[in-house]
Every structure is written in structure tokens, then in C-alpha cells.
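Reader: Please take me through the helix packing in this model. I want a close look at how paired helices cross and which residues touch.

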Amino acid sequence: MGGVKNREEKKKKAHVYSSGASGGSNKGPAVVDKRNQVLECPHCDREFKQVQRYRDHIAKHHPDVPAADAAESATESVPGALKDGNTMQPGSKGGYFTDKSPKVLLLEWCQQQKRQKPRYKVIAAGAAGMKCKVVLPDQSNADKDIVVFLDETQAAPTSEEAQERAAVAALARVAGHRNMQRVLPQAYQAAWTWCVQQEEDAKTQKARAAAAAEGRKEREAGRRKALARKTPVTAIMSQQQRARVEDVLAQLRGTHLPGSHCTSGEHEDVAQELQQLGFSEQDAETAVISLPHPTLPTCLDWLCLHIPEDELPTAFAPGAAGKPVSLLFAGSSAEALQDPAVAQLTAWGYPVPACVEALQRLKGDPDAAHQDLFARLSGIEQAEPLEEDAHEEVAFAEWQSDVEGLVAVYDTLVSVPSHTSLVYAAPGMQKGGAVEVQAWAPAGYPDQIPRIGVRSLQLSPRQHLFLTKHLADIAKQELGQSMLHILVTAMNDALEDLPSDPPFPAIRAPPVQRQIPPQATLIQASADGAMPSSNASITGRRAPRHWTPSAQEQQQESMQLLRQQEALCSDKNHAKMQGVRQKLPAFSKRQELLAQLSQHSVVVISGATGTA
């Protein structure tokens with residue numbers, strides 16, 4: 001049989017590089033066919049199938065890249081190009097390889113999990129080099145795609161190297177429990193160890209956050225259960241059951257504490273307290289005489305059982321049959337609670353005697369009395385509140401900005417009854433309840449602290465005043481800057497650790513009324529040139545008090561203002577706020593505005609929104 005003439009030359013022309021049975025050797029051909037391979041430009045998104053066009057593009061559009069770097073980039077961007085001659089890359093046709101690149105290993109993992117090929121997106125990281133984003137798509141649900149970003153500390157000088165390092169990070173995310181360092185090239189083993197450690201730290205931190213959230217839920221559930229146990233149970237009784245309970249109480253009338261003996265003076269005190277609660281003098285004396293050892297609780301029980309229901313005081317009169325039975329804790333000031341103004345102040349937690357004293361001293365004004373009680377509780381000097389009719393004349397940029405921010409964050413939990421007040425309904429410790437926090441804007445917010453009040457049906461008066469004092473102390477620390485959001489956050493934190501029986505905050509004694517000098521009369525004011533207008537006698541307008549402080553008081557006030565100003569100037573937060581204010585357009589008109597104010601008594605200022 002004759003042979004084929006020029007066999008090797010014909011094979012070379014036909015690009016046949018091997019023959020015979022397949023799989024006989026894993027060495028592969030000596031020459032790899034690189035036709036129909038795509039060349040990616042490392043500097044832009046262009047792709048080329050011809051090397052010459054790729055080189056012309058580099059020379060024309062990227063002339064700043066040195067020739068050596070361009071050649072290296074061209075070599076690295078060719079799929080299947082080998083860095084050291086024996087590392088398998090995606091797209092390699094054949095040959096003998098000692099290890100696989102990270103991109104090949106990630107591609108094999110996606111094929112095992114029946115995922116699509118990974119998608120790489122190279123991102124410039126400035127002077128640090130290049131970063132990369134890897135997306136491992138899910139065929140059925142795009143929300144289950146795995147997205148991994150290469151950390152900036154692992155940025156690479158070239159796009160191909162950034163993709164390899166990003167593939168290492170992706171492998172650490174999806175296969176961090178495997179010993180991939182045994183199959184990764186030597187150059188990427190350190191990166192693998194770092195990425196695995198970062199993933200483990202992230203999982204540990206996530207587990208701690210989940211455990212902390214679960215702990216908070218358990219503590220909240222425990223507090224709600226404890227509060228539910230402390231909440232009085234409402235009993236619905238029929239008339240027959242109520243009669244049985246009254247009979248049992250009547251049999252226990254003679255039970256008393258050993259050693260409890262009352263003198264005639266104590267009898268008179270008990271009778272007097274019963275009269276203050278609304279009972280008649282005859283009924284009070286009858287109760288004291290009928291009991292062997294009369295005390296206020298035992299006398300109240302005897303009176304409620306023996307006096308006809310229609311003759312009981314309003315606070316002790318029961319409702320119709322079937323109504324809830326409530327237990328009343330009455331004191332010597334229970335009669336004062338019938339006054340709506342006193343009831344309004346006691347709802348904020350203030351004691352009844354203090355409320356009555358403040359109302360008497362301030363001529364029955366509930367708002368003024370509340371401001372006085374808050375100032376005495378918190379130790380904050382009283383600030384003149386803004387009246388409703390003056391809102392259109394005074395710019396409340398800081399207050400309105402804080403209120404709008406709270407409404408945007410807490411939505412329906414925040415309500416605005418008026419332009420100068422804010423109500424935040426914090427979720428209560430018991431399901432279905434709420435703790436209401438109300439703040440009234442002062443005339444100089446945020447340089448003055450707003451009046452704060454806390455009330456809830458679930459809290460005791462001690463807890464009301466404890467929370468009010470706590471919020472006032474925080475407001476003192478934030479003086480001079482926006483504080484409403486900080487107060488709301490502090491309220492939520494305080495409710496989580498609110499003690500069941502906190503110490504009762506001290507309320508200072510009422511201030512001594514300053515006496516107006518007799519010589520400061522209307523005649524003297526007229527002599528000084530301040531003639532009263534004809535509208536000064538309009539009903540509902542209070543005439544201003546003319547009082548001039550002494551020189552010593554003026555000096556003390558000046559020193560106090562100076563210390564406040566020095567403390568404000570040394571505050572870093574205030575300096576930061578001043579820097580922001582100086583960038584606003586209205587700051588450039590400061591000197592001009594001061595000059596106009598020095599020359600005119602009335603100055604009209606107009607500015608668009610955002611000019612401050």
C-alpha cells in the first residue's frame with residue numbers, strides 16, 4: 001500500500017494537529033489554535049476578533065499606555081492566555097495544565113449548582129487600582145442572585161487580575177467551608193484566607209445582631225407580662241355577687257392590726273379627712289364612733305357599706321349593676337381632683353398639693369401652672385412660651401424643621417395639635433397602650449428648652465415625673481441644637497429599662513414673688529414718654545409689668561449670659577452648626593440687616609425658602 005505524499009504539509013494546511021484515537025494522551029497539541037477568540041480592551045468596553053485591529057485601537061485611543069503594558073494587557077485579555085504557561089483559564093482550548101484559575105473554579109461551581117455563567121463588572125477604584133463585582137445568576141428567581149463585591153483593599157492593577165480576585169471572594173462566599181486553598185494557585189491562597197476570615201466575621205456579627213434582637217423581644221415580652229400582672233383586674237359582678245362581697249367585708253370590719261390604737265386627736269383627724277373627701281360631718285363622726293379602731297381606710301369601707309348610694313360623694317358613688325368595680329385610693333386632696341384644671345395637671349404626674357398651689361399662685365391658668373411645675377421639677381428657668389397669634393410673625397425654622405423630620409420618620413405616631421406643640425405617642429409596655437410625650441415650643445428654640453410632659457394610663461405618677469426629669473436632663477445637654485429627635489429616641493430607650501418604682505423626683509419650692517415698686521405706676525411711665533395706647537384696656541389683654549432690675553441683678557445676669565456664651569462658643573457641635581449657617585445665603589446680609597435695624601424700628605425681610 002502506498003503512502004500519502006506530503007502528509008505533514010497537508011495536515012498543516014488543514015490545521016490538523018493530531019490524529020488517531022482520542023484520549024490516548026493528556027499532553028495535548030504542541031500548538032493551540034487561537035482563531036475566533038475575542039480580545040477585550042482593558043481600558044474600555046470594546047471587543048475585537050483580530051489582533052491587529054486590537055493593536056490599532058490601543059495605539060489610536062489609548063496612546064498614553066506604554067507599549068509593554070499594552071502588550072501585557074493584550075496577553076492577559078486573551079481568553080485562554082496563560083500567565084505562567086500551565087494555569088487553565090476560561091476558554092482554554094487544550095493543553096497540559098498544572099492548576100486552575102479562580103475563574104475556572106467558580107465556573108465549575110456554577111455548573112454543579114446549575115447556575116448560569118458568572119458575570120463580571122470591573123469598577124475603577126481610583127489610585128488603588130480596579131475593583132470588580134461578581135454576579136452569580138439564578139435561572140428561576142433574580143432575587144436569589146448572589147452578588148459579591150471585591151473589597152477595596154484587594155484592588156488589582158489590571159482588570160483581569162481584579163476578576164480573578166473577585167472570583168476568589170465569590171468562592172469564599174459560596175464555598176468557604178471547603179479547603180479551596182488546596183486547588184487554588186499559590187498566588188491566590190493568601191487572598192482566599194483573608195476572604196474566608198471576612199465572611200466568618202460577617203456571619204458572626206450577623207448572628208450576634210440576631211441574638212440581640214431576640215433578647216430584646218424576650219425582655220419586652222417579659223416587661224409586658226410583668227405589667228399585665230400589676231394591672232388591676234376588672235371584675236364584672238351581678239347585684240347578687242356584689243351583695244355577697246359586701247357581707248364578707250362587713251364581717252371583717254372588726255379586723256385590725258395589733259397595737260393600732262387611736263386617740264381622740266387622731267379620731268378628729270380622721271373625721272376631718274373624711275369631711276374633706278366629701279362626706280358630711282354627721283356621717284364622718286358616725287363612722288369614727290362605730291369602729292373600735294377607726295382609720296381612714298376602715299372608715300371609708302364602713303361609710304360605703306352603710307350610707308345609701310345616692311348619698312355618697314361623687315368620687316365614691318358606684319355605677320349601675322354590671323359596671324366594672326374599681327378600687328379608689330382617696331386622700332385628703334381628693335376633693336381637689338374634681339377641678340378640671342387640677343385633674344389636667346395631675347395627669348402629667350404632678351402631686352395634687354403642688355398643682356393646687358401653682359394654680360392659686362398663677363390665677364388658675366393651667367398652662368402657666370404646668371410651665372411653673374416643669375421648671376421647678378427640671379431646674380430649668382422658665383421660658384416665655386410662644387402664643388398662637390404670634391406664630392405668623394415669628395420664624396420657627398428650627399422647630400418646624402424638627403417637627404417635619406419627626407413626622408417623616410414616625411408617621412402616625414407624631415401629631416401636631418398646634419403650631420407650637422408636638423405630641424409623640426410612644427408604644428406602651430402593654431399591648432394596645434401608649435405613652436404620650438408632649439412638647440411645647442419656647443420663643444427661642446433651640447436656645448431655650450421646650451416644656452415637656454409625659455402621661456399614660458399605664459404609668460404611675462412616679463414614672464411620669466421620672467421620665468419627664470430624664471428628658472429634661474437630656475434637653476439640657478443638647479441646648480443650642482435640634483433636640484426633638486434626640487428626645488424621642490431617648491424616650492424609647494428609657495421605656496425599655498423603666499423601673500417599676502423609681503425614686504420620686506424632687507420639686508423645688510415655689511419662687512418668691514417679686515414685689516413691684518410702688519413708684520412704678522402708670523403716671524411715672526407716662527412721664528417717661530411711654531404713653532399707653534387707647535387699646536390697652538381691651539378685655540383679655542394683660543397689661544405688661546414694668547419692673548427694673550437692680551444694678552447687682554443686672555451684673556449677675558450679665559455674668560450668667562457671658563458664661564453661657566463662652567460655653568456655647570467652646571462647644572464643637574455649636575461650631576459645626578455655625579459653619580453650616582455661615583454657608584446659607586442670608587448670612588451674607590448680616591451686616592446690612594444690623595445696619596437697617598440700628599436706623600429703623602421696623603424692618604421687613606423677604607427671602608425664599610432655603611435662604612435661612
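Author: Here is a look at two helix pairs, one after the other. This is a predicted model, where local features need pLDDT of at least 70, side-chain atom pairs count only at pLDDT 80 or more, and totals for chains, interfaces and linings use all residues. Residues are numbered from 1 along each chain as its sequence is written, and side-chain values use heavy atoms, with hydrogens and water left out.

Start with helix α9 (residues 281-290) and helix α10 (residues 296-306). Helices here are DSSP runs of H or I, at least four residues, numbered from the N terminus. The two axes come within 9 Å and cross at roughly 115 degrees. Axes are lines fitted to C-alpha atoms over the stretch in contact, and angles run from 0 to 180 degrees between N-to-C directions. So α9 and α10 are roughly perpendicular (65 to 115 degrees). The crossing is right-handed (the near helix is turned clockwise from the far one by less than a right angle).

Now the contact (heavy atoms within 4.5 Å). Asp283, Thr286, Ala287, Val288 and Ser290 come from α9. They meet Cys299, Trp302 and Leu303 of α10. By class, five are nonpolar, two polar and one charged.

Next, helix α15 (residues 461-477) and helix α16 (residues 484-496). Their axes come within 10 Å, crossing at roughly 140 degrees. That makes α15 oblique to α16 (outside the ranges under 35, 65 to 115 and over 145 degrees). This crossing is right-handed. On α15, the contact residues are Leu467, His470, Leu471, Ile474 and Ala475. On α16, they are Ile486, Leu487, Ala490, Met491, Ala494 and Leu495. The contact has 10 nonpolar residues, one polar and no charged.

Technical notes:
Helices (H or I, at least four residues) and strands (E, at least two) are DSSP runs, numbered from the N terminus. Ala, Val, Leu, Ile, Met, Phe, Trp, Tyr, Cys and Pro count as nonpolar, Asp, Glu, Lys and Arg as charged, and the others, Gly among them, as polar.
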